[in-house]
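Subject: The structure, with notes

Hi,

Here is the structure I promised to pass on. Could you open it next to the sequence while you read the notes?

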Amino acid sequence: MRIRTALTAAAATLLTAGATAYAATPATPAAAEHRPLAGLRVLISNDDSMQAAKASNSDGLGLYELRRAMCAAGADVVVMAPWQVQSGKGTAVTNGGVVTAQRRAALPAGYEGDCASAPSRGAVFGVCLAAGPCGKDTPSATPADTVKLALRGGLRAKVGWKEAPDVVLTGINSGPNVSASVNDSGTVGAAVAAIDQGVPAVAFSSSGDESNLFFPRENYRAHAEFGARLVAGLRARALLTPEFALKVDYPDVSTGQRAKPPVWTRVGDGAVVYHAFEQQGTSDSFDIALGLCPVDGTGEGECAEGREDADSTWLLDKGHITVAPVTWDRTYGTPVEARRTLNRIEQYVKHDAPRF
């Protein structure tokens, strides 16, 4: 089990900080009835940035839908997310220089008052690699950077949180993170950064429409509302654990269909999206492109899926919400130390998790 780093104010202290255990704040019966996340402190990050400016909805709109749903359920929410889109960064970190956590004053239209009654008012910070204000073209911190910054002094300095949040939520990502793409995902990487510090984490990713180029608000909203209910259920059962993260992917529901019930899955062993490289003539340069595997089971080679309980199969082919546990420990064959908790969460997902 990883230990949770205590929040500190100075960078020198961050490097030598000790650990403090932090239990999730229980909700009172009245709060649990109407605001099931009352008293829960939530850090939200992602890999799509906090800009939410693109017409495709691919640069952080899902983050604001998640923030909205969590505040509506009573949570105290703070956002620390990359300044620019950082999709595909995995668990990458920045090893030197300066970062700036800049608070966003003007939020995207329609989301301004979502957290007005929360203690931290849903503060949104974009994190850039600069010793000063973040500008339009300022390089961005990675998803893992933002979580590490938040947990190692950022939350204390910016909003006064003296202890770790109860849970870190990442996403909602523009596009699913399933099969081999999980290793590249900054959404999942940010969640891994949280459990690496002993803080429970859930990574959310939503499917796009049939074009895979547009990410409907309807998908984000349905996923966010499901996510709030899922986290509330985990909290009520004392199942918010730092032993492993949960990866939750949501199908496309933008044409009016409902998501099918949650399924407990494994990360698939095939690919859904892969990197392709095409040489530019006879030069030393190669164009990078993303290839898309078929989702109907006809894929071959790296596109072939060999697991019946693969997240990609249940999400993309069958239209279910998928939930999979993800751990920071990459040692092959490591025993599952939290087997009882894992089994309890599996049973919750299979039998009691929210349905629509």
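Below is what I found, from the overall fold to the sheet, the pockets, the cavity and one tyrosine.

A word on the basis first. This is a predicted model, in which local features need pLDDT of at least 70 and side-chain atom pairs count only at pLDDT 80 or more, while totals for chains, interfaces and linings use all residues. Residues are numbered from 1 along each chain as its sequence is written, and side-chain values use heavy atoms, with hydrogens and water left out.

**Overall**

The protein has eight helices and 11 strands; these are DSSP runs numbered from the N terminus, with helices being H or I of at least four residues and strands E of at least two. Of its 356 residues, 51% are buried, where buried means under 20% relative accessible area, exposed over 50% and partly exposed in between, using a 1.4 Å probe and protein chains only. Contacts are heavy atoms within 4.5 Å. Among contacts between residues at least 6 apart in sequence, 78% join residues at least 24 apart.

**The sheet**

Nine strands form an open sheet with mixed pairing, in the order β3-β4-β2-β1-β5-β6-β7-β11-β8. Two strands count as paired if DSSP finds at least two bridges between them. The edges are β3 (100-103) and β8 (260-264); each has a single partner strand, so one side of each lacks a neighbour in the sheet. On average, neighbouring strands are turned by 20 degrees against each other, direction ignored. For angles, axes are lines fitted to C-alpha atoms, for helices over the stretch in contact, and values run from 0 to 180 degrees between N-to-C directions.

Strands β5 (residues 167-174) and β6 (residues 201-206) run parallel and are joined by five bridges, with Val168 partnered by Ala201 in β6. Further along, β7 and β11 pair in the antiparallel sense over five bridges, and Leu246 has Pro325 in β11 as its bridge partner. β8 and β11 pair in the parallel sense over three bridges; here Lys260 stands opposite His320 in β11. Six of the seven residues of β11 are buried, so this strand is largely enclosed by the rest of the structure.

Two helices lie across the strands. Helix α3 (residues 61-72) crosses β1 (41-45), β2 (76-82), β4 (124-128), β5 and β6, and runs at about 140 degrees to β5. Helix α5 (residues 186-196) lies across β5, β6, β7 (245-250) and β11 (320-326), at about 175 degrees to β6.

**Pockets and cavity**

Both terms come from a 1 Å grid over the protein atoms alone: a cavity is a set of points where a 1.4 Å probe fits but cannot get out, a pocket is an open set with protein on both sides within 12 Å along at least five of seven lines, and lining residues have an atom within 4 Å of a point. Points are joined across faces, edges and corners, and a volume is the space filled by probe spheres set on them.

The largest pocket has a volume of about 1,400 Å³. It is lined by 42 residues, and the closest to its centre are Pro325, Val326, Thr327, Trp328 and Asp329. Helix α5 supplies the largest share of the lining, five residues. By class, this lining has 18 nonpolar, 13 polar and 11 charged residues; Ala, Val, Leu, Ile, Met, Phe, Trp, Tyr, Cys and Pro count as nonpolar, Asp, Glu, Lys and Arg as charged, and the others, Gly among them, as polar.

The second largest pocket holds about 1,200 Å³. Of its 44 lining residues, the closest to the centre are Ser174, Gly175, Pro176, Asn212 and Val273. Its lining divides into 17 nonpolar, 17 polar and 10 charged residues.

There is one cavity of 30 Å³ or more, with a volume of about 50 Å³. Its lining includes Ala201, Leu246 and Ile345, and comprises nine nonpolar residues, one polar and no charged.

**Tyr220**

Finally, have a look at Tyr220 in helix α6 (residues 217-236). At 1% relative accessibility, Tyr220 counts as buried. Beyond residues up to four places away in sequence, Tyr220 touches ten listed here in full: Asn57, Ser58, Leu61, Gly62, Glu65, Ile172, Asn173, Ser174, Ser206 and Phe215. Tyr220 and Ser205 are 15 residues apart in sequence and 8.6 Å apart in space, C-alpha to C-alpha.

Best wishes
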